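I wanted to look up a few residues and write down what I found. These are my entries.

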Amino acid sequence: MNRLPRLLIIDDVFGRNVPGGHNRDRENLCAHFLLRDVTGDIASNTSRQKVLRPVADAVYFRGQSPSESAVGTTVENDQQGTLNLIREGWSVSLSKGDTPWSMVLIDLCFYSGHVTEESHRRMPGMPEGRPEDDDPRSYFGLILLDAIHREFPELPVFILSSKPREEVSLEFSRRGALGFIARDDMRGPELLQDALWQHGLLPDPSEEVLGNSLPVLLALREARRAARHRSNLLIRGERGSGKELLAAYVHRVCADADARGTRPFVTVNSAVLRTDLFASELFGIEPKTASAVDGRIGLVEAADGGDLFLDEIADMPSDAQATMLRVMQDRQITRVGGRKPKVVDVRFISATNADLENDPRSFRPDLLDRLRLGGTLWLPPLRERKSDIPLLVEQFVRQAESQRHGTMQREITPEAIERLMAYDWPGNVRELRSCLFDAVNRNPDVEHLVPGHLQIAPGKQEYQTPVAVVPQKENPNHKQSTDAIMNLSALLTMLDGVCFDSKDIHEWSGRLDDLQHTQAWVFARYLQAALDATKRRTSEFPDGLIQIHPAVKLITGDAALPATQAADVIKRLLVPLEDELSGDLREALAIALRLRPRSTKNSNKAS
Amino acid sequence: MNSWTSRKASFNHDWLRNGLLVLLGAARNISNGTVDNPAVIVQLKQEATLWSERRQEAFDLINSLEKEMSPVAFFRMPPLANCDVEILSWLPGLAHASWVRRHLIHEQMDSVRLAIGNVDAAFHELTECNADSVKAISSLKCREALNRLSDAANAMANAFGRLPSRILV
């Protein structure tokens, strides 16, 4: 569904209701700027005008009361009424998941006072005006601008006026307006379209990046602004938040604006970069007739003139990083086996969920700077845009239904929506999609999607770092298995609240060793997670080599921790379990003991 | 705001910029098929008919600029009105001449009169192409006439806009 942007135009002349109904001035303004009047008042309901290719829908408001006036009426500026209307189209819409105002356009000079015979003759319903109305120092439009910017700082506001721009250019900038469009400018429609594209809050018309929430609309706006240039972009966001979709949006809006036609969009699977073949995948192979080697173009060359999307760049091994840096600096590639370099014009759009600046896997800072030369786009996690969940649910359920023949089209009950809104979705949009596809696939013959069809973790109200407890078969260090997922903070809270009843001796007496042993394994599993996260993967060791120093720095949060102290921490955590360890944990303890051998005097037991 | 400034605002801001130029923008989009509203063409024809009155209003405005916006007005009220008769015999004239020179008043007035003449010619051209229907206004001749009228009206608005909005010295 291609929805038009929704504008609010606050203007005393064009927003007023004219006695008799027909506001010819408003009609002409709509025809000039290619706007569809959707105000819903008498003026819009009596108009017969049709704008065949509108740029936006427009809601008009006089900014004064009363909205309709005749000879003898006194017209006064109405700041509160204006703010109330803006709130309705902003805060209320955002909370309901409806599209909020894409932009507000404000006039500068609002004539107030009595409607006289003479003023009514000149323009029906318009008052005579007071001297201060036409004083640039006290334009009501600027007062409104101030109030709007204070309460709605994210709402884009433009001045739409036929007063001279130079009279107010400093003031409107100070008060938060993003620009000025002269009402009588013959390029009006083009200027408005451009203003909307650059500054407006517009949902993705293709609904690939689906959402009407403010965080998503702001991300889309930043994406459009970034799309105007060919510099590299970095997209940051949690896993499953839609980084690839946003990259595709950047590419798409760039292609829409580009008169030269469609540019290529190539996606690089990060797994490619972890193999020995990454060079041939990225840069291609030179054909050799003598050895019958078939040539092929690489991914970078395939993206020439367009965009190359690099996902999960934090996983890029160091040799691939060095190569990519050279390509970005020199803007040329040489195919494997080739001699002649080829100049390429590629914009690199990369994505990551890692904190690269502080990642112990050491991402090259010079490469990072190149990747974000054109800026960084931030995608909000789903928990920060929950008002979009109903829209996403509708989309995913219909997608799931269309993929499965014979599946009924179901209604999604309010209780199911409520259930979905209560969860924080650590896996973000991807997790939501999986949940809904699963619900549809397992229940193909129902007309209603109810909470019982949804498989999501119960009682998860606040997002915190998940601590996965790994089943026994995957981790031989475990004695007991469970597949529950619990927040670390929830775990700490639970442990903090643990009490032992002094009267219940039979329950807890003689169990100190068990308690210590379980505690030791909790610490060991905590360390295991850090070892997994900090593994160094190379072509020689694709599964990765453990690094005890980065792992201990990660769990202690101490970036300056010396390696010897890291070894001491490992010993303290793992020596109590020495006889039970295997795999990474066993190797970690061995490395720590080589660095800090056991003292012959002390036992080195955990203190 | 004095009477002349008020009349200028009524002519240039209310009628020309908010009225005629917006109407011409609407008419342009009628002529290129992006808007459907025959009432705009009727309105444009009315403006062409009423142009002779507006033209007179424009000329009256520009012809009265020198008298109504001259700093001589300051000498008609205290404190300058209390000056010696001898000083009042030459100082107002000097102030006026200085104002005319410093702010290029005659040049600006000529510029406005030229702009009015161009709008006059453009209205005449539009009238001649009989733009009284959607089909007629969509013809190449009428669209060109419409563009010329838009340009001329815009230039006239800018010329009036450069005139003083308050009495200067």
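Is Met186(A) buried or exposed? I note first that this is a predicted model. I looked up the relative accessible area of Met186(A) and got 14%. Buried means under 20%, so I entered Met186(A) as buried.

Next I looked up where Met186(A) sits. I found this residue in a loop of chain A, between strand E10 (179–182) and helix H7 (188–199).

Then I listed its contacts, leaving out residues up to four places away in sequence. From chain A I wrote down His32(A). From chain B I wrote down Leu21(B), Leu24(B), Gly25(B), Arg28(B) and Ser150(B).

I also checked one distance. The C-alpha atoms of Met186(A) and Ala533(A) are separated by 59 Å, and the two residues are 347 residues apart along the chain.

I turned to the cysteines. How many disulfides does the structure hold over all chains? I counted one. Cys129(B) and Cys142(B) form this disulfide, with their sulfur atoms 2.3 Å apart. The link is right-handed, with 120 degrees about the S-S bond. Cys129(B) lies in the loop between helix H6 (105–128) and helix H7 (134–137) of chain B, and Cys142(B) lies in helix H8 (residues 140–161) of chain B, so the pair ties together parts that are 13 residues apart in sequence. I entered both Cys129(B) and Cys142(B) as buried.

Last, I looked up two other cysteines. Cys109(A) is buried, because its relative accessible area is 3%. Cys83(B) has 24% relative accessibility, so I entered Cys83(B) as partly exposed.

Key:
Residues are numbered from 1 along each chain as its sequence is written. Chains are lettered from A and ligands numbered from 1 in the order in which they are written. This is a predicted model: local features need pLDDT of at least 70, side-chain atom pairs count only at pLDDT 80 or more; totals for chains, interfaces and linings use all residues. Side-chain values use heavy atoms; hydrogens and water are left out. A disulfide is a pair of cysteine sulfur atoms within 2.5 Å. Helices (H or I, at least four residues) and strands (E, at least two) are DSSP runs, numbered from the N terminus. Buried means under 20% relative accessible area, exposed over 50%, partly exposed in between (1.4 Å probe, protein chains only). Contact means heavy atoms within 4.5 Å.
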